[in-house]
Amino acid sequence: MWLWGAITVVGIPLLVFVMVRLFSDRGYGAAKRQGPEAGAGPRSGARQILDERFARGELTADEYQERLRVLGEGH
């Protein structure tokens, strides 16, 4: 009998925790955001390509900043 009580006391909160994590936007089921602007929402496709080109060294910092400004995402 005490085993069922322990399962209930531990199991129900654990089940609630898992369900909240699955259905929240930060949970296991949601797509994980990456990068320094993780709290700023998803990046546009153009911004992602620009970030990748800058990371590969195809763009200088000035070129990167100018293109961000043109995209309307500059700082």
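Trainee: How much area does the chain expose, and which atoms supply 64% of it?
Mentor: In this predicted model, the chain exposes about 6300 Å². Carbon and sulfur atoms supply 64% of that area.

Trainee: What share of the chain counts as buried?
Mentor: Buried residues make up 12% of the 75 residues. To be counted there, a residue needs a relative accessible area under 20%.

Trainee: Which secondary structure does the chain have?
Mentor: There are 3 helices and 0 strands. Along the sequence the pattern reads α-α-α.

Trainee: What share of the contacts between residues at least 6 apart in sequence join residues at least 24 apart?
Mentor: The share is 12%.

Trainee: How do you know what span to expect for helix 1?
Mentor: Helix 1 covers residues 2-23, which is 22 residues. The expected span is 1.5 Å times one less than the number of residues, and for helix 1 this gives 32 Å. From first C-alpha to last, helix 1 reaches 32 Å, close to what is expected.

Trainee: Where in helix 1 is the kink?
Mentor: The kink lies at Gly11, shortly before the proline Pro13, and comes to about 25 degrees. The angle is taken between axes fitted to the seven residues ending at a residue and the seven starting there.

Trainee: What makes Arg47 and Asp51 a salt bridge?
Mentor: The closest N and O atoms of Arg47 and Asp51 are 3.1 Å apart. The cut-off is 4 Å between a side-chain nitrogen of Lys or Arg and a carboxyl oxygen of Asp or Glu, so the pair, at 3.1 Å, qualifies. Arg47 and Asp51 are 4 residues apart in helix 2 (residues 45-56), so about one helical turn separates them.

Trainee: Why is Arg47 called buried or exposed, and what of Asp51?
Mentor: Arg47 has 8% relative accessibility and counts as buried, because the limit is under 20%. Asp51, at 13%, also falls under that limit, so Asp51 is buried.

Trainee: How many salt bridges are there by this rule?
Mentor: The count comes to 4. One of the others joins the side chains of Arg56 and Glu58, at 2.9 Å from N to O. Arg56, at 55% relative accessibility, is exposed because exposed means over 50%. Glu58, at 41%, lies between the two limits, so Glu58 is called partly exposed.

Trainee: What makes Arg69 and Glu66 a salt bridge?
Mentor: Their side chains meet at 2.6 Å, N to O, and the rule asks for within 4 Å. Both residues lie in helix 3 (residues 61-71), 3 residues apart, about one turn of the helix. Arg69 is exposed at 53%, while Glu66 is partly exposed at 38%. Elsewhere, salt bridges that share partners join Arg53, Arg56 and Glu58 into one network.

Trainee: Which residues form the nonpolar patch on the surface?
Mentor: The patch is formed by Leu14, Leu15, Phe17, Val18, Met19, Leu22 and Phe23, with about 710 Å² of accessible area together.

Trainee: What makes Leu15 eligible for a patch?
Mentor: Leu15 lies in helix 1 and has a relative accessible area of 55%. A patch residue needs over 30%, so Leu15 meets that condition. At 55%, Leu15 also counts as exposed.

Methods:
Residues are numbered from 1 along each chain as its sequence is written. This is a predicted model: local features need pLDDT of at least 70, side-chain atom pairs count only at pLDDT 80 or more; totals for chains, interfaces and linings use all residues. Side-chain values use heavy atoms; hydrogens and water are left out. Helices (H or I, at least four residues) and strands (E, at least two) are DSSP runs, numbered from the N terminus. Buried means under 20% relative accessible area, exposed over 50%, partly exposed in between (1.4 Å probe, protein chains only). Patches are made of residues with over 30% relative accessible area and no salt bridge: like charges are joined within 9 Å, nonpolar side chains (Val, Leu, Ile, Met, Phe, Trp, Tyr) within 5 Å. Accessible areas come from the Shrake-Rupley method with a 1.4 Å probe; for residues, only the protein chains shown count as cover. Contact means heavy atoms within 4.5 Å.
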